[in-house]
Amino acid sequence: MFCTSVDINALEYKPPTSNRSGGKVVHVSTVLGSSDWKDRIRFQMSEDDKTNLQEAVWGLSTPLAGQDASRRTLELSIESPQLGQFLQELDASNLKTAVAQAPDWFRKSVDPGAIANMYVPLHKPPSKPDLKPTVRVKVKCGDYPTNIFLVQDVDEKGNLSYVKGTPDDLTRKVRCLVMVETVGLWFMSRQFGMSLTATDILVWPNRRSTGIDAFTMSASTTLQKNSISQTASEEMDAEFM
């Protein structure tokens, strides 16, 4: 289910409630009047397994001392123009609703500019012209962990074979097909935003070159491998010449 299946204009922002940790949250549903878990925002971030796969920018974050190790961060490139547009429209919807609901969400009237400064966007613009925008997702590593699947082979018909993966497979530059979901907006004292949690990740690992293939050769260089028996025969012929 690609992101375009989510109708941003039909989203319903619920009244603020408290989560299990005591923090404030605004649940967001894709179906008006529904509080059912199945109606939360949920989507795939690439069109399919062959189109606009995302790339892990840095690999999975390493928690610092005292940080929650059960939810780690993975920063991904935004490859699909449609995904980029969707995330920007979702950001705009969150901000517009926050301004309209400021007395209820922030318990006071807040200047729209101040609200924009507090908001943590999903869509991160590129830091350099030659880079791509990014989006961060949370990977669950504790109870009910994110399902990670590692692609082992792709046959001539495009069929995939895979094995169960682990968070250690989410290294820098791996390509990923990611399914995410969110319950809504979180709030802190000076920030608020929407976190995307990865429920399932299909990973294409980096294939490390070894042996002679690990070297970078000039474009004019041609490599030819001789067998040991062939080399020995040539050396013997040279001795009798």
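**Exercise 1. State the volume of the second largest pocket and describe its lining.**

The second largest pocket has a volume of about 310 Å³. A pocket is an open set of points on a 1 Å grid over the protein atoms alone, where a 1.4 Å probe fits, with protein on both sides within 12 Å along at least five of seven lines; lining residues have an atom within 4 Å of a point. The volume is the space filled by probe spheres set on the points, which are joined across faces, edges and corners.

This is a predicted model, in which local features need pLDDT of at least 70 and side-chain atom pairs count only at pLDDT 80 or more, while totals for chains, interfaces and linings use all residues. Residues are numbered from 1 along each chain as its sequence is written, and side-chain values use heavy atoms, with hydrogens and water left out.

Step 1: 16 residues line the second largest pocket, and V57, S77, L131, K132 and T134 are the closest to its centre.
Step 2: by class, this lining has six nonpolar, three polar and seven charged residues. Ala, Val, Leu, Ile, Met, Phe, Trp, Tyr, Cys and Pro count as nonpolar, Asp, Glu, Lys and Arg as charged, and the others, Gly among them, as polar.

**Exercise 2. Do the same for the largest pocket.**

Step 1: its space comes to about 1700 Å³.
Step 2: the lining has 50 residues, with R71, V183, W186, S195 and T197 the closest to the centre.
Step 3: elements giving two or more residues to the lining include strand 6, strand 11 (175-182) and strand 14 (196-204). Strands (E, at least two residues) and helices (H or I, at least four) are DSSP runs, numbered from the N terminus.
Step 4: the lining divides into 18 nonpolar, 18 polar and 14 charged residues.

**Exercise 3. Locate S80 and decide whether it is buried or exposed.**

Step 1: S80 is in the loop between strand 6 (71-77) and helix 1.
Step 2: S80 counts as buried because its relative accessibility is 1%; buried means under 20% relative accessible area, exposed over 50% and partly exposed in between (1.4 Å probe, protein chains only).
Step 3: leaving aside neighbours within four places in sequence, S80 is in contact (heavy atoms within 4.5 Å) with F2, M45, E47 and N52.

**Exercise 4. Describe the largest nonpolar core.**

Step 1: a nonpolar core is a set of buried Ala, Val, Leu, Ile, Met, Phe, Trp, Tyr and Cys residues joined through side-chain atoms within 4.5 Å.
Step 2: the largest has 47 residues, and F43, M45 and F106 are among those with the most contacts inside it.
Step 3: helix 1 (residues 81-100) gives the most to this core, with five residues.
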